[in-house]
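Open the model in your viewer and keep the sequence panel beside it. Each stop below says what to select and what to look for.

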Amino acid sequence: MVEGSRNLSANGDSQEPREPEIGPAPDEKPEFRPYHHPAAGWGAAKSVSRFLVREGALVDGPRAIMRMNHENKGFDCPGCAWPDDTKGLHLDICENGIKHVTWEMTRKRVGREFFAAHSVTELSGWSDYDLENQGRLTEPMVYDPESDHYVPISWKDAFEVAGRALRALDSPNQASFYTSGRLGNEATFLYQLMARELGTNNLPDCSNMCHEASGRALQASLGTGKGTVDLKDWESADALFILGVNAASNAPRMLTALAEAHRRGAQIVHINPLVEAAATRTIVPHDFTDMALFKPTRTSTLNLQPRIGGDMALLRGMAKAILEQSATDPKALDQEFVDRHTAGFEEYRTVCEATPWEEIETQSGLSRADILKAARVYREADRSIVSWCLGLTQHEHGVDTVREVVNLLLLRGNLGREGAGPSPVRGHSNVQGNRTCGIDHRPTDAFLDRLGEVCGIDPPREHGLDTVRTIRAMHSGDVKVFVGMGGNFALAAPDTPYTYEALRACDLTVQVSTKLNRSHIVHGRQALILPCLGRTEKDHQRKGIQSTSVEDSMSMVHLSIGMKRPASPHLLSEPAIVAGLARAALPGSATPWHWYVEDYDRIRDTMARALDGFEDFNRRVRLPLGFRIKQPARELVFRTPSGRAEFSAAVLPDVVPAAGTLALGTMRSHDQWNTTIYSDNDRYRGIKNLRTLVFMNRADMRERGIDDLGPVDITSTAKDGSRRSLNGYLAIPYDIPRGCAAGYMPEMNVLCAIGDYSTQSDQPIMKHVKVTIDPAA
């Protein structure tokens, strides 16, 4: 059993955590006051103002706001992947985006003096907030085991340390190359090229933990791993169905689209176990009149709260209702579309008819009447979009659930026309671009053939390791070198103690980062910290200041160019770091790594020849708003075995918790971006000065004898029967279905066992952890 408590730092070590320089004082008590205000609006403006003051960014912050998300003239927000506004909006920004950028632009620095003053053992006892709050990394560092300190190392020597370790491996598959979603397209392409020239497809990424289910489901159903809609479709849809998304925190710029949709009379249905702030009302900050008048706009017309994991049953119920109605209303079903463009319809009709309403109600946690309300909205809309995030994907049955989304869309021909289609909400700024540009542990033969021909390499054909399998391989000693390109792998991954053991078992860990984080403290026997430029910073190379490109969640590719002087003269760009690692690891390589880094247009020219959809890359990416990668399914071209869109006839999973247990889902707080925590507050859920909490249904609390804000012990039971616990968390009564609970990642990642991953997508099951919750012992 793995135990934790409110008094331990996130790494689970026994040292007392150092008090953060900024944050709640020790005597500030946790508070819970239900939030009833509109999302964004003056609450967001006040929060941003406080943050800018706190970070000393009253000049740089507003400058960044005026340069962020501007078409090919500024830098792309390093936060979420929501598309840039199509109407030339000058303030296409949000609260979390400003915080994310300001956090990167901090004036605080972490240089050799800092590392000389603090050993790794001491730093292991610091809170994760405190580690990142120290500021920007300024020069490459290497771990010295004798002194237990990081010490300076030149870039040349750092690359040689990594290159020597990679060259010494018995097999290239003993190395794994992880990518977070912030890496630009050009660096991404070079990174995967290096790994494949080295001889491995071990290219795990954050998609393996987030939207892998979406990609696999869409590929199976439509022959494409992406959504088919763009922002203009959102502007013309008659109905929007938003599933498993906390938009106000995870994709705040979606609030603009929701508010505009409500104003034009579109129906907006939010489906989530928790009714989040984005599902009620908003005041969009750049709507100056509404701000001045404190005038909110509704962002929903219907809210439904299925049990955790019950979305597939709800979708099946909506489809069943449509099929039942079609018996008397021929227009309920688009039979012509089904006949011309789909396969497997009769099998799907049969499974819908065979699924009784009683089972649908039990598994969804909703009444038939509520499901019929959603079905009525769908039936009466001519054009519908279904959008979803991790609330649908981080389950054992995530692939089946996303395929059920497509099933529902196909019934009424909501594909291949304006204002209709599937729309996954990617969580990180270029996570979709990473996959497009080759970060894929299961590459197709067609991709490898073209890459080999264009780049003159013989890429490996054997599938590589994803995130979960990389962790297990590190733990067993089968992977000896781990390279992390951005992110905070140690905290983002499941089963925190197991992941820590895996990283510490490596011969070498290499972390490419902008700020100090837990992944630098939990390291291999040898360890390198390689500091890189942030997206807000100017990237000077031999041919001048360079721009990089990113792809948003709706397949738009556009340029990003920094505005600030780099935090240190010793920082390198991500493409330069990848090239330096490649030259050291592949001394005989014919790939012109140095030449590529001199001018990123050269990288893009190669990408134009190697990647489908990137033809004429350098010209098209400089167009206003860039260009959109073609989606064959949008044109009703389906690259599936049948050549048609394929219905899925999966049976409903049993998601009802066993007696005495609860289904727990992990999530972010509002004042958090992935593993970066800005404060212990969660404004939209009414929380202040607290992260070690669990949201529960009040009836479930009463049944267990748990008081409001009472301390509880949370224990998960894995598939293999092992148990993991968090002790002394505080229980918060919340509007959540009975049998369900929720709490924050990364603290609760400890509850998700490394072996508890989906057999459909290989994703960790972080949204459906089986737990018991009892009053603290």
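In which loop is H523 found? Select H523: the residue sits between helix 26 (518-521) and strand 18 (526-531). Bear in mind that this is a predicted model.

**Stop 1: H523**

Is H523 buried or exposed? Its relative accessibility is 9%, and buried means under 20%, so H523 counts as buried. Now show what surrounds the side chain. Leaving aside neighbours within four places in sequence, H523 is in contact with V120, Y143, Y150, L503, R504 and T509.

**Stop 2: the cores**

Move along to L530. L530 is among the residues with the most contacts inside the largest nonpolar core, together with F177, Y191 and L528. That core has 64 residues. Select the partners of L530 next. Not counting residues up to four places away in sequence, L530 touches P140, W155, A158, F159, V510, Q511, V512, S513, I577 and L581. Another core, of 54 residues, lies apart from this one. To find that second core, select L243, A313, A319 and V405, which are among its members.

In soluble globular proteins, nonpolar side chains tend to be buried together.

**Stop 3: helix 9 and helix 20**

Select residues 212-222 for helix 9 and 398-411 for helix 20. Their axes come within 8 Å and cross at roughly 50°. Helix 9 and helix 20 are therefore oblique to each other. The crossing is right-handed. On the helix 9 side, show A213, S214, R216, A217, L218, A220, S221 and L222; on the helix 20 side, show G398, V399, V402, R403 and V406. Colour this contact by residue type: eight are nonpolar, three polar and two charged.

**Stop 4: helix 1 and helix 3**

Go to helix 1 (residues 41-54) and helix 3 (residues 95-104). How do their axes cross, and at roughly what angle? The axes come within 10 Å, and the angle is roughly 5°. Helix 1 and helix 3 are therefore roughly parallel to each other. Helix 1 brings A44, S47, V48, F51, L52 and R54 to the contact, where they meet E95, I98, K99, T102 and W103 of helix 3. By type, the contact residues divide into six nonpolar, two polar and three charged.

**Stop 5: helix 22**

Finish at helix 22, residues 445-455. Which residues are buried here? They are F447, L448, L451, G452, V454 and C455. Display helix 8 (185-198) and helix 29 (600-610) too, since both are included in what covers these buried residues. Then step on to G456, which follows helix 22 and has a positive phi, near 70°.

Definitions and conventions:
Residues numbered from 1 in each chain as written. Predicted model: local features only at pLDDT ≥ 70, side-chain atom pairs only at ≥ 80, totals over all residues. Heavy atoms only, no water. Axes fitted to C-alpha atoms, helices over the stretch in contact; angles between N-to-C directions. Helix = DSSP H or I, 4+ residues; strand = E, 2+ residues; numbered from the N terminus. Parallel < 35°, antiparallel > 145°, perpendicular 65-115°, else oblique. Contact = heavy atoms within 4.5 Å. Nonpolar A, V, L, I, M, F, W, Y, C, P; charged D, E, K, R; others polar. Core = buried A, V, L, I, M, F, W, Y, C linked by side-chain atoms within 4.5 Å. Buried < 20%, exposed > 50% of the residue type's maximum accessible area, 1.4 Å probe, protein only. Left-handed = near helix turned anticlockwise from the far one by under 90°.
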